[in-house]
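User: Please take a close look at one part of this structure, the sheet, and describe how its strands are ordered and what packs against them. I would like one connected account.

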Amino acid sequence: MIKIAVIEGDGVGPEIIRGVISILESLIEAEFVFIKAGKKYFYETGLPMEEKGIQKIKESDVLLKGPIATPVRGRTYLSINLRIRREFNLYANVRPFRSYSGISIRKLSTVIVRENTEGLYSGIEEADGEKAIASRIITKRKSEKISEYAFGLAEEEKRERVTAIHKRNILKVSDGLFLETFYEVAKKHPSIAADDAIVDAASYKLVKVDNAFDIMVTPNLYGDILSDVAAGVIGSLGLCGSAQVGDSFAAFEPIHGTAEDIAGRGIANPLGAVIASSLMLTWLGTKNSDLREKGMLVRRAVDDLIERRIALTPDLGGSSTTDDVINALFRLI
Ligand code: IPM
Ligand code: MN
């Protein structure tokens, strides 16, 4: 039986993750292993994650998680998100974006493949009171791995083009290495077109032009920012899920934050988390085609629900509750 580690997370996390679990329970045989972690847990116990948390995740096949907050003031700790990315070497953060008529400001079907473990997220900072320095690590190896992932995905999804996002005009050495490595990898995939775009211009184009990009492959911070831009273009952060993938493990989550302002009111949009769960089934499905099929089923139900406006939460201009959306999905799956 599949073992799914679950971190419900902070804010709206528990209410949306519970809905997702009920959908998964209706589709597959799985054991859910709950792990306590996050800001609320930290304030209650002084620990960011229960002691055996990482061990429990290691003993599971995948991790499904809600958004987790990190305190920015006072006593704090290394973000659980970063800890998990590093611990499991989840080097690819994969975020598909698809537009919906009447909801999105542009037509779009793009996947952002973001390097997830280095760049400006390396966590190497120093300051002496007068000057603060952050080190931005770009390695050949990780640039190679993320580029390989992007071209592999293009082949699998029969997409045409992979665009590398960079700021090489300024960061000549580090983004230079990223881009050079990208084009080396591109040569091994001659059936997929390869090009590149500067990050600021790419952001503008994403908002201004229909179908501006196919697959985008990015260093860590550019991918973080561009994925929120893409979410804005398709209409809501609540409509986006992500897969964080390593060589032997993966974690799945909605890309939105904890949305404390609406937490506990039962109106959070669960679709980002539902999309994350469909990505999870697809990933598990590389070894089991039945699961792959179920992943597609969930995604189709989500698309259908949005296109036909069957149950939309307030972030999409509707008045449905989280449970209304989950119940509508049950009927569509
Ligand atoms: C994301 C989030 C995270 C990031 C935070 C919560 C660490 O914004 O997954 O996009 O910056 O990577
Ligand atoms: Mn982000």
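Analyst: What follows is a description of the sheet, strand by strand where possible, and then of the helices and side chains around it.

The model is a predicted one, and its sheet is open, built from 10 strands in the order β2-β1-β3-β12-β11-β4-β5-β10-β8-β9 with mixed pairing. The edges are taken by β2 (30-34) and β9 (193-198), each of which has a single partner strand, so one side of each is left without a neighbour in the sheet. From one strand to the next the twist averages 25°.

Within that order, strand β12 deserves particular attention, because five of its five residues, 250-254, are buried, where buried means a relative accessible area under 20%. The side chains of A250, F252 and P254 point one way from the strand, while A251 and E253 point the other way, and all are buried. On one flank β12 is joined to β3 (residues 62-65) by two bridges, the two strands running parallel, and L64 has F252 of β12 as its bridge partner. With β11 (residues 241-245) the pairing of β12 is instead antiparallel and extends over five bridges; here G241 is partnered by P254 of β12, and the two strands are connected by a hairpin of four residues. F252 thus appears both as the bridge partner of L64 and among the residues of β12 that are buried.

Further along the order, strand β8 (residues 161-166) is joined by three bridges to β10 (residues 215-218), and these strands run parallel. One of the bridge pairs there is V162 with I215 of β10. Helix α6 (residues 174-187) packs on this part of the sheet, where it touches β8, β9 and β10, and its direction makes about 170° with that of β8. Another helix, α8 (residues 220-234), lies across β4 (92-98), β5 (109-115), β8 and β10, and runs at about 155° to β5. Strands β8 and β10 are therefore touched by α6, and they also lie among the strands that α8 crosses, if one follows the definition of contact as heavy atoms within 4.5 Å.

The residues F182 and Y183, whose numbers fall within the span 174-187 of α6, form one of the six aromatic pairs that a search of the whole structure finds. Their ring centres are 5.0 Å apart and their planes stand at 70°, so the pair is edge-to-face. The two residues differ in their exposure: F182 counts as buried at 0% relative accessibility, whereas Y183, with a relative accessible area of 30%, is partly exposed.

A residue of a neighbouring helix also reaches this region. S143 lies in helix α5 (residues 140-156) and is buried, with a relative accessible area of 1%. Apart from its neighbours within four places in sequence, S143 is in contact with E118, I138, F178 and T181.

Elsewhere in the structure, ring pairs link F42, Y43 and Y77 into a cluster. The charged end of R114 sits over the ring of Y121, 5.1 Å from its centre, and R114 has a number within the range 109-115 given for β5.

Conventions: Residues are numbered from 1 along each chain as its sequence is written. Chains are lettered from A and ligands numbered from 1 in the order in which they are written. This is a predicted model: local features need pLDDT of at least 70, side-chain atom pairs count only at pLDDT 80 or more; totals for chains, interfaces and linings use all residues. Side-chain values use heavy atoms; hydrogens and water are left out. Rings of Phe, Tyr and Trp (its six-membered ring) pair if their centres lie within 6.5 Å; planes under 30 degrees apart count as stacked, over 60 as edge-to-face and the rest as tilted. Buried means under 20% relative accessible area, exposed over 50%, partly exposed in between (1.4 Å probe, protein chains only). A charge sits over a ring if NZ of Lys or CZ of Arg is within 6 Å of the ring centre and within 35 degrees of the ring normal. Two strands pair if DSSP finds at least two bridges between them. Axes are lines fitted to C-alpha atoms, for helices over the stretch in contact, and angles run from 0 to 180 degrees between N-to-C directions.
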